[in-house]
Amino acid sequence: MSSHRLLLLLVAFTALLALTTAAEYNVVDYGARPDGGTDSAGAFLAAWGVACNDTGRSGSRPVLRVPAGRFLLSQAYFKGPCQSAGVVVAIDNNGTVFAPPAVDSKAWIMFHHADGLAIRGGTLDGQGQEYWACKKVGNCTGQGPRTLDISQSKGVSVKQLTLLNSKVFHMAIFDCTGVTVQGIQIIAPANSPNTDGIHVSHSRHVSILNTTIGTGDDCVSLGPGTSNVLIRDIECGPGHGISIGSLGWQDGEEGVRNVTVDRAVLTGTTNGLRIKTWAMPNSGSVTNVSFSRITMNRMANPILVDQNYCPRKVDCPGNSSGVQISNISYTDIEGTSATPVAVKFNCSSTNPCSGIKLTNIRLTYKHKRPAQAKCGNAGGSTSGEVRPPSCF
């Protein structure tokens, strides 16, 4: 082959590579400073604006790059829709984006109408310590923001991300379709208030996989209007366990349905697998929920349905929940309870729980002592070995 032809092939290959390689927009090129002291919000938003307006090359998605270093971000609202199939937000493994001590907003980092969004790697540090302290004594001047808020978006994935010390919820998913959260870590102290790991509401087809969560509240919580959720290979603790609810606070809330929780280990949590509804007559439903292959270690309430939730005894004393709970299965659940009652179905007197199935339940109290089960207004069936014995 002649040198001239070889040169032409090299030029053609280089041009093709340029066309198929995703464009990168590094926040440092737009003025971000990895010095831990300069607010980089403007630079992040500028880089997002350019990436969001990139139409993509031969189907590749533009990349917003956050390199190694510590970036202070006062607040950021990343808004779509974007021109391409979605933006990849890639944070280097040694890259940390952190919040100031006070953020007067409902959310610190928001993605809205961001179809095809992909977040990869790095750390988001909410720096919630000062907020938790002021909340404890009741003198906070602003509301606590969620760390990562994703709303009204489709085809979203969040992978290999670490979330630290959020002021309140670490991740909130609202009115989204087709979300995958995989291989992330969420960390906050056990005494940090309202620091739920992942809260999902009004969303469909959500998968939470291979994730480790330890906070001061629910590891995962599912709110109204949530359906077709898969939670698999989760390590949870400390915290309040995996929860559906609270539901029934307002009349006309959408129900929760088609939820699978499979292969989870919960350690030292306040609750294990919990469904809770307010003791109010407001309508709603929880149906077609499966809990399977769960290991419990030293928790107060391994299996709990509480339809008489009324923590401040305001507006609801003496009322009965209007939420209907049906077709809930528990299969291959084992471990230890920190309290004598390991299984408790405290259902509504006006809308009893129905279709509860217990299969191969092996729960003991502390050091292999027999545990108890208690039922109120609950009906169901059992199969296989069930310890403690069913109260149906």
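## Odd spots along the backbone

In this predicted model, let's start with P238, which sits in the loop between strand 20 (227–236) and strand 21 (242–247). What kind of peptide bond joins G237 and P238? The bond is cis, with omega at about 0°. So if you follow the chain out of strand 20, this loop holds the proline, and the bond leading from G237 into P238 is the cis one.

There is another cis peptide bond to look for, and it joins R387 and P388. Here omega is about 5°. To find P388, go to the segment after strand 31, which covers 378–387. R387 is the partner in that bond.

Now turn to phi. D233 has a positive phi of about 60°, even though this residue is not a glycine. You'll find D233 in strand 20, the strand that comes before the loop with P238. Is D233 buried or exposed? Neither quite fits: D233 is partly exposed, with a relative accessible area of 29%. That value lands in between because buried means under 20% and exposed means over 50%.

R298 is another non-glycine residue with a positive phi, this time about 55°. Where does R298 sit? Look in strand 24, which spans residues 283–299. R298 has a relative accessible area of 55%, and since the cut-off for exposed is over 50%, R298 counts as exposed.

How values were computed
Residues numbered from 1 in each chain as written. Predicted model: local features only at pLDDT ≥ 70, side-chain atom pairs only at ≥ 80, totals over all residues. Heavy atoms only, no water. Helix = DSSP H or I, 4+ residues; strand = E, 2+ residues; numbered from the N terminus. Buried < 20%, exposed > 50% of the residue type's maximum accessible area, 1.4 Å probe, protein only.
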